[in-house]
Amino acid sequence: MDYQLVRKRGLKRLTLRMTSKGPRVFAPKWVPKRVIDAFVESHKDQLPESPRETQERYDQYKELAREILKPIIFVWSERMGVEYNSVRIKNTRSRWGSCSSKGNLNFSFKVAFLPDHLRDYIVVHELAHLTYLDHSPRFWALVARYIPEYQACKRELDLYAKNQKSIEYPEL
Ligand SMILES: [Zn+2]
């Protein structure tokens, strides 16, 4: 494995760390290169993946999420008789989705990998905002027309948001 070697006088032991530029070893000046190589070899499994690998994996999931969600959004919009402007798939931390007054829909890529009934609820929720941009009783009545068990869906989604349930991502 390639790594960057940083030698410093004051250091007392070897450390291997993942940095934004890849793996980096901090070593005291007196430790021979072959010892450092052996150290890296025996510790590389404990190293987290690099930020670049994380980014690549995220990009792949985002692409897959787009393929999964686009037809679902289209089918529900036909069923509900609403028209949207654009769909964007993002990595939103706090929200599953959002809808702007201009009809632009945003969804977290995670939505694609939720169980079907929760995925449908989130899509219907955002599409219902094309009619009512609020959470008024008439908004919820519209959601309930398509997802009668929407309250149970909301409760279940809270479990995912609180990490009491975890999303099962497919193998890439
Ligand atoms: Zn809402």
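I count a residue as exposed if 12 or fewer other C-beta atoms lie within 10 Å of its own. I needed that for Asn163, which has 8 C-beta neighbours inside 10 Å and therefore goes down as exposed. I should say at once that this is a predicted model.

**Entry: Asn163**

I looked up where Asn163 sits, and it is in the segment after α5. I also checked its backbone: phi is near 60°, a positive value in a residue other than glycine.

**Entry: Tyr169**

I stayed in the segment after α5 (150-161), where Tyr169 is also found. Buried or exposed, or something in between, for Tyr169? I got 13 C-beta neighbours inside 10 Å for Tyr169, so I wrote it down as partly exposed. Leaving out residues up to four places away in sequence, I found Tyr169 touching Tyr61 and Phe113. I then took the distance back to Cys153: 16 residues apart in sequence, and 19 Å apart in space from C-alpha to C-alpha.

**Entry: domains**

I pulled the domain assignment for the protein chain, and it gives domain 1 as 4-48 and domain 2 as 53-161. How far apart are the C-alpha centres of domain 1 and domain 2? I have them at 45 Å.

**Entry: Glu53 and Thr54**

I went to Glu53 next and found it in helix α2. Glu53 has 12 C-beta neighbours inside 10 Å, so it counts as exposed. I paired Glu53 with Tyr150, and they are 97 residues apart in sequence and 37 Å apart in space, C-alpha to C-alpha.

Thr54 lies in helix α2 as well. I counted 11 C-beta neighbours inside 10 Å for Thr54, so I have it as exposed. From Thr54 I looked across to Gly22: the two are 32 residues apart in sequence, with their C-alpha atoms 12 Å apart.

**Entry: the core**

I looked for the largest nonpolar core and found one of 22 residues. Which residues have the most contacts inside it? I noted Leu69, Phe107, Val111, Tyr121, Ile122 and Val124. I then asked which elements give two or more residues to this core, and they are α2 (51-80), β6 (104-108), α3 (116-128) and α4 (137-146). The biggest contribution is from α3, with seven residues.

I followed up on Leu69. Not counting residues up to four places away in sequence, Leu69 touches Ile89, Phe107, Val111 and Ala112.

**Entry: α3 against α2**

I took the helix pairs around α3 in turn, with α2 up first. I have α2 and α3 packing at an angle of about 55°, their axes 10 Å apart. Parallel or oblique? I count angles under 35 degrees as roughly parallel and 65 to 115 as roughly perpendicular, so α2 and α3 are oblique to each other. Their crossing is right-handed. For the contact I listed Ile72, Ile73, Trp76, Ser77 and Met80 on the α2 side, meeting Arg119, Val123, Val124 and Leu127 on the α3 side.

**Entry: α3 against α4**

I moved along to α4. The axes of α3 and α4 come within 9 Å, and I read the crossing as roughly 140°. That makes α3 oblique to α4, as I keep roughly antiparallel for angles over 145. I noted this crossing of α3 and α4 as right-handed. Here Val124, His125 and Ala128 of α3 meet Phe139, Leu142, Val143 and Tyr146 of α4. Val124 was already in my notes from the contact with α2.

**Entry: α3 against α5**

I finished the helix pairs with α5. I have α3 and α5 packing at an angle of about 105°, with their axes 10 Å apart. The two helices are therefore roughly perpendicular to each other. Which residues make the contact? I wrote down His117, Leu118 and Tyr121 from α3, and Tyr150, Cys153, Glu156 and Leu157 from α5. Tyr121 is also one of the residues with the most contacts inside the core.

**Entry: Ser101**

I looked up one loop residue, Ser101, which lies between β5 (97-99) and β6. Ser101 has 8 C-beta neighbours inside 10 Å, so I put it down as exposed. I checked Ser101 against Leu133, and they are 32 residues apart in sequence and 7.2 Å apart in space, C-alpha to C-alpha.

Conventions. Residues numbered from 1 in each chain as written. Predicted model: local features only at pLDDT ≥ 70, side-chain atom pairs only at ≥ 80, totals over all residues. Domains from an automatic or database assignment. Helix = DSSP H or I, 4+ residues; strand = E, 2+ residues; numbered from the N terminus. Buried ≥ 20, exposed ≤ 12 C-beta atoms within 10 Å, placed from the backbone. Contact = placed C-beta atoms within 7 Å. Core = buried A, V, L, I, M, F, W, Y, C linked by C-beta atoms within 7 Å. Axes fitted to C-alpha atoms, helices over the stretch in contact; angles between N-to-C directions. Left-handed = near helix turned anticlockwise from the far one by under 90°.
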